[in-house]
Amino acid sequence: MSDTVLIVEDNHKLRRLMVLTLEKEGYTVLQAADGVEAEHQFQNHHFDVALMDILLPDTTGIKLLENWVTERPNGCYILCTAYGDVEDAVQAMKIGAFDYLTKPIQAEELKIVIKQALEWQRTREDEQLSHENVAQQNHLHDMVGKSEQMHEVFGLIQRVANQNVTVLLQGESGTGKSRCAQAIHLESDRADEPFVKVNCAAIPSQLLESELFGYQKGAFTGATQNQKGKFEVADGGTLFLDEIGDITMELQAKLLQVTQEKTFYPLGSNEEKKVDVRIIAATNRDLSEMVQKGDFREDLYYRLNIIGIHLPPLRERPDDIPLLAEQVAKQLESEHGRSYTIEQGLMSALTNYSWPGNIRELHNAFSRACVLSVDGKIKIDDFPKEIQDRVDGEEISNVGEDEMIFKDPSLPLPDQLENYEQKAIEDALTKAEGVQSKAAEILGISRQSLLYKIRKYELDIEEE
Ligand SMILES: Nc1ncnc2c1ncn2[C@@H]1O[C@H](COP(=O)(O)OP(=O)(O)OP(=O)(O)O)[C@@H](O)[C@H]1O
């Protein structure tokens with residue numbers, strides 16, 4: 001059965017043109033010339049995507065969208081806005097439109113957006129199934145993680161990989177945004193095409209434009225020959241714009257145009273270039289806050305954030321630490337040609353540290369520890385002082401002097417630490433009358449860390 005598209009457009013000529021274009025592509029097309037007809041179609045027919053004009057004789061596309069999103073939240077809606085009407089476009093995206101098209105609508109653009117919408121729609125329907133599959137999986141390409149948050153991220157990556165929509169990755173520095181962008185590319189059918197990364201913060205703003213769009217010989221002093229920009233280099237593949245929050249307003253406007261039209265002009269050139277590039281953007285800044293402050297264009301924000309993926313900080317997913325640490329140790333084993341063992345108790349100690357630099361800090365700390373380790377045995381002493389201090393502080397600070405009885409000098413230090421830790425947890429839980437969040441507060445660790453330790457020491461505690 002072919003996919004069905006509903007077109008709501010009062011301009012007869014334009015509607016006819018859109019219907020013909022889509023019917024030629026093999027879609028079944030329903031039509032409506034005003035709000036009443038549109039409501040009738042909505043109530044009586046199934047359709048996969050609706051494309052509606054903003055201005056209708058008896059209502060607005062925004063009003064229809066508001067009603068339909070409430071009634072069928074899983075539907076896929078695209079609004080057609082007048083050229084340059086940013087406010088309507090932004091409002092539509094906020095309400096829940098999949099995307100918007102700016103008039104005049106090109107046939108090619110129409111075909112692409114409908115195709116993307118249907119792909120997104122289909123994968124959303126498969127969501128449940130793929131979610132179950134992904135839940136079993138603790139890695140995706142080079143990414144590892146077994147926490148619920150990372151399973152969710154893996155699921156999203158797989159669902160969006162083959163849709164040409166832009167993706168916005170947000171998360172603190174070192175949480176894995178670049179890796180995530182690569183994983184999306186590798187999961188997609190563009191995997192054999194180029195993956196091009198541009199760090200927008202690392203390139204001075206005057207140069208960034210020519211870096212992205214290229215230039216023609218003579219465009220400026222020193223432009224002695226034509227130079228391709230990253231958009232052209234990435235043609236057919238993926239362009240990863242890292243630190244997107246750092247680009248100037250002027251460049252934001254240009255970028256918006258490429259995301260809409262897929263065309264641009266190299267600096268100093270009159271020749272329009274057309275590219276097929278999938279854009280993934282990332283930032284560790286709060287882009288929606290930047291929008292509110294007027295530092296980032298709202299329309300570009302919505303355009304980039306068609307699919308948003310949040311990479312959680314490591315302190316919120318301590319369950320991933322052992323897996324990540326093992327991955328680094330394995331990598332280094334093959335690089336250094338020797339094997340490493342991780343001292344007992346070290347892992348639980350490391351889950352107590354908050355890792356402000358996230359996975360990058362963990363990687364660096366582990367690499368350092370491997371190099372410093374004697375006989376390949378990685379110990380807490382091999383970690384940077386700030387980590388040792390934090391770990392020791394948290395482990396010992398909650399143990400009173402009268403409990404020094406737990407210190408058995410005949411045991412190796414990690415085992416002594418584990419004894420302290422277990423006792424401290426038991427005491428905190430008693431003090432907190434079994435309320436885990438309170439106990440975690442007393443211990444100065446996250447509730448997740450506490451749960452991890454309760455399981456680790458097999459403490460007989462009722463689940464909250
Ligand atoms: N899930 C993961 N599994 C294994 N390694 C990871 C994972 N996520 C990130 N890493 C590693 O952690 C380090 C930092 O990751 P990455 O550069 O992707 O972070 P980022 O969020 O892009 O950082 P920044 O914002 O500073 O650019 C890299 O060495 C990367 O390979």
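This is a tour of a predicted model, moving from two backbone features through a helix pair to the ligand shell and a second helix pair.

**Stop 1: the K103–P104 bond.** Select K103 and P104 and display the backbone. The peptide bond from K103 to P104 is cis, and its omega is near 0°. To place P104, show β5 (99-102) and α5 (107-125) as well; P104 lies in the loop between them.

**Stop 2: H141.** Next select H141, whose phi is near 50°. That is a positive value in a residue other than glycine. H141 lies in the loop between β6 (139-140) and β7, and β7 (143-144) returns at the ligand.

**Stop 3: α7 against α8.** Select residues 148-160 for α7 and 177-187 for α8. The two axes come within 8 Å and cross at roughly 40°, which makes α7 oblique to α8. The crossing is right-handed. Which residues of α7 meet α8? Show side chains for V153, I157, Q158 and V160; in α8 they meet C180, A183, I184 and E187. By class, this contact divides into 6 nonpolar residues, 1 polar and 1 charged.

**Stop 4: the ligand shell.** Now centre on the ligand. There are 18 residues around the ligand, and those that come nearest are M143, G176, K177, S178 and I359. Colour by secondary structure element: β7, α8, α14 and α16 are the elements that give two or more residues to the shell. Colouring by class instead splits the shell into 10 polar, 4 nonpolar and 4 charged residues. Then colour by domain, with domain 2 at 135-312 and domain 3 at 316-456. Each of these two domains supplies at least three residues to the shell.

**Stop 5: α14 against α16.** Keep the ligand in view and select residues 321-336 for α14 and 358-372 for α16. The axes of α14 and α16 come within 10 Å, crossing at roughly 50°; the two helices are therefore oblique to each other. Their crossing is right-handed. What meets across this pair of helices? From α14, select I321, L324, A325, V328, A329 and L332; from α16, select I359, L362, H363, F366, S367 and C370. The contact has 10 nonpolar residues, 2 polar and no charged ones. I359 is worth labelling here, as it is in the contact with α14 and is also one of the residues that come nearest to the ligand.

Note on methods:
Residues are numbered from 1 along each chain as its sequence is written. This is a predicted model: local features need pLDDT of at least 70, side-chain atom pairs count only at pLDDT 80 or more; totals for chains, interfaces and linings use all residues. Axes are lines fitted to C-alpha atoms, for helices over the stretch in contact, and angles run from 0 to 180 degrees between N-to-C directions. Helices (H or I, at least four residues) and strands (E, at least two) are DSSP runs, numbered from the N terminus. Angles under 35 degrees count as roughly parallel, over 145 as roughly antiparallel, 65 to 115 as roughly perpendicular and the rest as oblique. A crossing is left-handed if the near helix is turned anticlockwise from the far one by less than a right angle, and right-handed if clockwise. Two residues are in contact if their C-beta atoms, placed from the backbone, lie within 7 Å. Ala, Val, Leu, Ile, Met, Phe, Trp, Tyr, Cys and Pro count as nonpolar, Asp, Glu, Lys and Arg as charged, and the others, Gly among them, as polar. A residue is near a molecule or strand if its C-beta atom, placed from the backbone, lies within 6 Å of it. Domain bounds come from an automatic or database domain assignment.
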